[in-house]
Amino acid sequence: MTPPRIHRVETLDLSVTHFAWPFAQARAAEIAAHFAEKQREKPKLWNGRILLGRSPSFDGTHFAADYFEAEFASMLAWRDWGFPDREVFNGFGMGALRCADGAFVLGEMGAHTSNAGRIYFPAGTPDLDDVSDDRLDIAGSIVREIEEETGLTPADYRAAPHWDCVVSGAAIALMRTLELDLPGEEVRATIEANLAKQEHPELAAVHLVRSRSDLKSTMPLFVTTFLEMQFG
């Protein structure tokens with residue numbers, strides 16, 4: 001497996017264009033059957049419209065790519081079947097919440113989600129709500145996901161001017177460090193209080209990471225790679 005690569009960039013150019021995904025068209029019946037099976041296991045899964053990427057390009061401090069609309073069911077099958085179409089990537093934003101005492105805040109996904117038990121920064125595959133004038137607004141996607149998952153809003157943090165893009169297999173995590181003024185335990189308590197108010201929270205638990213020793217096996221490789229870079 002190729003080790004993850006990190007590109008630090010300052011600008012993003014993410015266009016949204018029409019593209020008929022050959023994988024989704026050729027295997028439509030198999031995809032439908034696969035999703036039906038997954039829904040039987042986790043009835044809350046929803047086959048909404050999401051955005052996947054093509055033609056990624058890093059040029060110095062600039063990242064560009066084309067995105068296209070697809071069904072969540074197609075993306076889920078593509079992931080579960082080992083990413084058979086290597087021309088496509090899952091490019092999503094992640095908010096790396098860093099507290100005043102240096103702790104990073106991560107969430108453990110709930111049992112009803114497609115990534116149950118995995119530990120991530122607040123994130124989500126972009127969808128049509130993140131599109132404006134045929135451009136994908138990853139910064140806006142991160143704001144939305146953080147508020148949905150944790151209850152925190154832009155008034156609670158400051159965004160770094162750069163992006164750390166971690167390329168790992170068929171995934172490109174567009175990570176942005178978000179600085180909080182409160183210590184880790186206080187931030188965790190705030191998020192847990194917000195989760196308690198939600199009927200079906202996406203997160204089952206909140207974790208604080210302060211060093212390499214805090215890294216867990218249930219964190220995806222692109223998350224651990226980013227954190228290891230932070231801890232030196």
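I began at the end of helix α6, where Gly232 follows with a positive phi, near 75 degrees. The model is predicted, and I kept that in mind throughout.

Next I looked up burial within α6, which spans residues 221-231. I found Phe222, Val223, Thr224, Thr225, Phe226 and Leu227 buried.

I then turned to α3 (72-80). How many of its residues are buried? I counted 7 of the 9, so α3 is largely enclosed by the rest of the structure. I listed them as Phe72, Ala73, Ser74, Met75, Leu76, Ala77 and Trp78. Their packing partners are α1, α2, β3, β4 and β5. Just after α3 I noted another glycine, Gly82, with a positive phi of about 85 degrees.

Pockets came next. I read a volume of about 1400 Å³ for the largest pocket. It is lined by 44 residues, and those closest to its centre are Phe72, Met75, Ser114, Asn115 and Thr125. Phe72 and Met75 I had already entered as buried residues of α3. Which elements each supply at least two residues of this lining? I wrote down β3 (49-59), α3, β5 (88-98), β8 (123-124), α4 (138-150) and α6. By class, I have the lining of the largest pocket as 20 nonpolar, 12 polar and 12 charged residues.

For the second largest pocket I recorded a volume of about 350 Å³. Of its 24 lining residues, Ala24, Arg49, Glu69, Ala70 and Glu71 are closest to the centre. Two or more lining residues come from each of α1 (22-26), α2 (28-41), β3, β4 (62-71) and α3. I noted α2 as the source of the largest share, 5 residues. I sorted this lining into 16 nonpolar, 5 polar and 3 charged residues.

Last, I looked at the nonpolar cores. The largest has 51 residues, and Met94, Phe121 and Phe222 have the most contacts inside it. Strand β13 (residues 171-180) gives the most to this core, with 7 residues.

What does Met94 touch, leaving aside neighbours within four places in sequence? I listed Tyr120, Phe121, Pro122, Ala123, Ile142, Ala173, Leu174, Met175, Arg176, Phe222 and Val223. I marked Phe222 and Val223 in that list as buried residues of α6.

I also entered another core, lying apart from the largest, with 18 residues. Among them are Ile31, Leu52, Met75 and Ala170. Met75 thus stands in my notes under this core, under the buried residues of α3 and under the residues closest to the centre of the largest pocket.

Conventions: Residues are numbered from 1 along each chain as its sequence is written. This is a predicted model: local features need pLDDT of at least 70, side-chain atom pairs count only at pLDDT 80 or more; totals for chains, interfaces and linings use all residues. Side-chain values use heavy atoms; hydrogens and water are left out. Buried means under 20% relative accessible area, exposed over 50%, partly exposed in between (1.4 Å probe, protein chains only). Helices (H or I, at least four residues) and strands (E, at least two) are DSSP runs, numbered from the N terminus. On a 1 Å grid over the protein atoms alone, a cavity is a set of points where a 1.4 Å probe fits but cannot get out, and a pocket is an open set with protein on both sides within 12 Å along at least five of seven lines; lining residues have an atom within 4 Å of a point. Grid points are joined across faces, edges and corners, and a volume is the space filled by probe spheres set on the points. Ala, Val, Leu, Ile, Met, Phe, Trp, Tyr, Cys and Pro count as nonpolar, Asp, Glu, Lys and Arg as charged, and the others, Gly among them, as polar. Contact means heavy atoms within 4.5 Å. A nonpolar core is a set of buried Ala, Val, Leu, Ile, Met, Phe, Trp, Tyr and Cys residues joined through side-chain atoms within 4.5 Å.
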